[in-house]
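Ready for some practice in reading a protein model? Take a look at the sequence and the structure, then work through the exercises at your own pace.

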2 protein chains.
Amino acid sequence: MSKFNMSTTDAAIAAISLDRAGAAPLHVQLTSQLRDMILSGRIAPGGRLPGSRAFAGDLGVSRITVTTSMDQLVAEGFAEGRHGKGLFVAPHLPDTSLKITGYDEPFEIRPIDKGRSAPLPFQPAAHDARLFPHQEWAKLLEQAWRNADTRTASGIDPSGHPALREAIAHHLHEWRGLRCQPTQVFVTAGGGDATQLLIRALGLAGHDVILEDPGYPLFASELLQQGVGVVPVAVDVDGLDPAAMSEARLAIVTPSRHYPTGVTMPLARRLDLLAWSDRHQALILEDDFDSEYRYRGTPLPTLIGLADNERVLYMGSFSKVFTPQLRLGYLVVPEPLVASFEQVLRERGPLASAVAQPALAQFMVSGRFATHIRRMRRVYSARQQALVESVSRHLSGLLEVQAEAGGMHLTATLSAALSARMSDTEVSQRATEAGLVLPALSSYSAASAGLQGLLMGYSGFDETELDSACATLAGLLQM
Amino acid sequence: MSKFNMSTTDAAIAAISLDRAGAAPLHVQLTSQLRDMILSGRIAPGGRLPGSRAFAGDLGVSRITVTTSMDQLVAEGFAEGRHGKGLFVAPHLPDTSLKITGYDEPFEIRPIDKGRSAPLPFQPAAHDARLFPHQEWAKLLEQAWRNADTRTASGIDPSGHPALREAIAHHLHEWRGLRCQPTQVFVTAGGGDATQLLIRALGLAGHDVILEDPGYPLFASELLQQGVGVVPVAVDVDGLDPAAMSEARLAIVTPSRHYPTGVTMPLARRLDLLAWSDRHQALILEDDFDSEYRYRGTPLPTLIGLADNERVLYMGSFSKVFTPQLRLGYLVVPEPLVASFEQVLRERGPLASAVAQPALAQFMVSGRFATHIRRMRRVYSARQQALVESVSRHLSGLLEVQAEAGGMHLTATLSAALSARMSDTEVSQRATEAGLVLPALSSYSAASAGLQGLLMGYSGFDETELDSACATLAGLLQM
């Protein structure tokens, strides 16, 4: 201490006490005590700090301990060097910096209210956790992460895990007759991300895209957000009508089962749609979101299978057919467009989490995915039948539903008597208040007077739950 | 057969033969044979199909078998009903529809060329799969999916799994002194998705955002894509300079360790930055992408911890600190902005896959995440030291690096002698040709004459690999 004047800084520094038996290294203890003194004002802003040699001598520590500590204080902004004059406490440390001395005050982190995890009755496309193959899936995830071959924690292919892209190509060949190579398959993370990838890879910004009306609302919102023109075209009993379609860069269609009305586009109209694409050099995105869930008959050939113009893209998802938890889907892209998709993904990085991709590939290759789909088909088909019966039992004269060949929901129409009393939006609101989820068909339309109806999901609920929810709904609509 | 005229249609139909012992139901066999006859032209387009009663009688099957089959053909577009006249084969089935008869032709699905999965030397922020806790992580994933409490295959909270949001709040409190509630934490799927969420929740479209120059390229590309104005501001040895910042809606900064130069923003400048935010009512996003990897000294207080204006958001990621495979990150949002983020996520759906979220929460809560970070810190710190030594051993007079307090890469400067011969871009190109990944610092700049330098990642490579790669690089740069 004797070597420098005993200023307030020196007095404070004299109070430093280092614990050689302490857990923290000496330089950490020194930094911490100096920082506290600066923050508490015991060492005044602008004050000169002792030279390292003298300081080390006084403290009885090595000089490296002192210089390490001083370097840290400089890095943190508490001290600054002035050329040839040594180190000084920073001159301006406004009051707000004192807040950090409050780190040790108790702070209580409150748990989140977990709420209800099971879906509410009639939620469309809901999954029933009681039917999910938890044990099998847990085992596959574990094996994939243990297995040296699939240990890919070091990197991630932006286009998707190779084994999954291969499994998807095989699945689409077996289930839908598609003839695509794994290199044409791009793994995506759900509809929103897939739409963004399409916008960039196809250069859609500033161009028009035709959407079905009614249709899947996410497409319209994502496209509009990114400066793409959206042209809604009304759907009739055969789906989108190519005769009503003018020129556009792309049309997004759900020919297998229109979303949300459930109608199937007949073969003749599919061919007309391909002719429209030829006429305008336009692209088509075939959204085959739940074609695995078909309970009767064989599905029609896909557009991409019918096309010989390399202008049809195909989109699928594991959200409906397996679980939405994965956030995994895929795009199949014609050969001439592959390079453009690869380019966007290289720049942006992968869309999808790689955690589940090897396990999902194994689930598919081993045939267990097909077994799972077949099992869910039987369950969902029975639930659809149960819903039809429960609607006729409880809601006769109010709502009408017809059995459909596939899907995870039915679209109910309002009886004339009910329509006279309320709109589908009003029914939907009443249902929400009673703890039911019953989306209004008109809310899926861009047109101001959209089709009236209600989406009644059945996939997530057993026969008893569906019947009881129908009884509840009847109570809300009668009077 | 006698009941209707023996046209070519009738002749073909007479050839139908159903196998009562076959595996396929009779109506499926019937549909399939009729479809083949139509596609092969044996039943002519436009021809009348027999009435169901007569047809059933002739085939010796129930009438329901025939009507089910006919309904399917109508749904597929192969047949159509004419009012009061019965069913007819569709009149127009152009040649393209015949393609689907090729389903049975052999089609070979070729495996994807798997290529190299380990990262190439000097790849910044690379992960070393040899150090990843595969067994432990595999077990956690399995347990999370087996455990009934975390079985959430039925739904997914758009803001993230509650247990993970809680674990992140605790982690940030313990490691960074943050005082946030789990409800302020939003789980994201990497930088691109987080940026999109910010753009929508903060209404950034049409406004200006200040970015560090040089900086993380993904921010600029994502913002520009979505119609946000980007204002690059040069970084000096203390990071972003608030004195050079005009009005903007948001500034994105990396105060802990600037990306990619590694400089730390001193306390005084942090306070100036908060004053800028107060002056312009502007928001700040603090990107704390790898602050866990600090090898010496304690980190400075975070901006969000210093701020008392509720205008600082905080972003973190598990890509650097755990594995990029997860594609999981998070945003911490001031209380007044929480509702707006929740709203966007409800509309768009969750950003991140839920597969790993419960397991990651468990990894964090059990303390194993902290153990993993500490272990990696020791390894990375030693690798940084090894890189410094290897550069001085092999690249003396060509490149210069200095040890840094944290991070996963060092930024090398070109010696005067090397600079005279080539730019950082040319070094980077030569390196790429030799199988090294050595990004040019100037490529991170919006300015035409950006800082010259090279990013040398060390996290993914052991001491021997780093030394050998330095020797290779020396060979490329000498002469």
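Below are four exercises on this predicted model, each with a worked solution.

**Exercise 1. Two helices of chain B**

Describe how helix α7 and helix α12 of chain B cross, and say which residues meet.

*Solution.*
Step 1: Find α7(B) at residues 191–201 and α12(B) at residues 338–348.
Step 2: Their axes come within 9 Å and cross at roughly 115°. That makes α7(B) roughly perpendicular to α12(B).
Step 3: The crossing of α7(B) and α12(B) is right-handed.
Step 4: On the α7(B) side, look for Leu197(B), Leu198(B), Arg200(B) and Ala201(B); they meet Ser340(B), Phe341(B), Val344(B), Leu345(B) and Arg348(B) of α12(B).
Step 5: Sorted by class, this contact of α7(B) with α12(B) has six nonpolar, one polar and two charged residues.

**Exercise 2. Two helices of chain A**

Now do the same for helix α3 and helix α4 of chain A.

*Solution.*
Step 1: Here α3(A) covers residues 52–59 and α4(A) covers residues 63–76.
Step 2: The helices pack at an angle of about 120°, and their axes are 8 Å apart. Angles of 65 to 115 degrees count as roughly perpendicular, and the value here makes α3(A) oblique to α4(A).
Step 3: The crossing of α3(A) and α4(A) is right-handed.
Step 4: Ser52(A), Arg53(A), Phe55(A), Ala56(A) and Leu59(A) of α3(A) make the contact with Arg63(A), Val66(A), Thr67(A) and Met70(A) of α4(A).
Step 5: By class, the contact of α3(A) with α4(A) divides into five nonpolar, two polar and two charged residues.

**Exercise 3. An open sheet**

In what order do the three strands of the open sheet with β11, β12 and β13 of chain B lie, and which are the edge strands?

*Solution.*
Step 1: The order is β11-β12-β13 in chain B, with antiparallel pairing.
Step 2: β11(B) (399–400) and β13(B) (454–457) are the edge strands, as each pairs on one side only.
Step 3: Two bridges join β11(B) to β12(B), residues 409–414. Leu399(B) has Leu414(B) in β12(B) as its bridge partner.
Step 4: Helix α14 of chain B (residues 368–394) packs on the sheet and touches β11, β12 and β13 of chain B. The direction of α14(B) makes about 20° with that of β12(B).

**Exercise 4. A strand and its neighbours**

Which way do the side chains of strand β7 of chain B point, and how does β7(B) pair with β4(B) and β8(B)?

*Solution.*
Step 1: In a regular strand, side chains alternate between the two faces of the sheet.
Step 2: In β7(B), Leu250(B) and Ile252(B) point one way, Ala251(B) and Val253(B) the other way, and all are buried.
Step 3: β4(B) pairs with β7(B) in the parallel sense over three bridges, and Val209(B) stands opposite Leu250(B).
Step 4: β7(B) and β8(B) also pair in the parallel sense, over four bridges. The bridge partner of Leu250(B) in β8(B) is Leu283(B).

Methods. Residues are numbered from 1 along each chain as its sequence is written. Chains are lettered from A and ligands numbered from 1 in the order in which they are written. This is a predicted model: local features need pLDDT of at least 70, side-chain atom pairs count only at pLDDT 80 or more; totals for chains, interfaces and linings use all residues. Side-chain values use heavy atoms; hydrogens and water are left out. Axes are lines fitted to C-alpha atoms, for helices over the stretch in contact, and angles run from 0 to 180 degrees between N-to-C directions. Angles under 35 degrees count as roughly parallel, over 145 as roughly antiparallel, 65 to 115 as roughly perpendicular and the rest as oblique. A crossing is left-handed if the near helix is turned anticlockwise from the far one by less than a right angle, and right-handed if clockwise. Contact means heavy atoms within 4.5 Å. Ala, Val, Leu, Ile, Met, Phe, Trp, Tyr, Cys and Pro count as nonpolar, Asp, Glu, Lys and Arg as charged, and the others, Gly among them, as polar. Two strands pair if DSSP finds at least two bridges between them. Buried means under 20% relative accessible area, exposed over 50%, partly exposed in between (1.4 Å probe, protein chains only).
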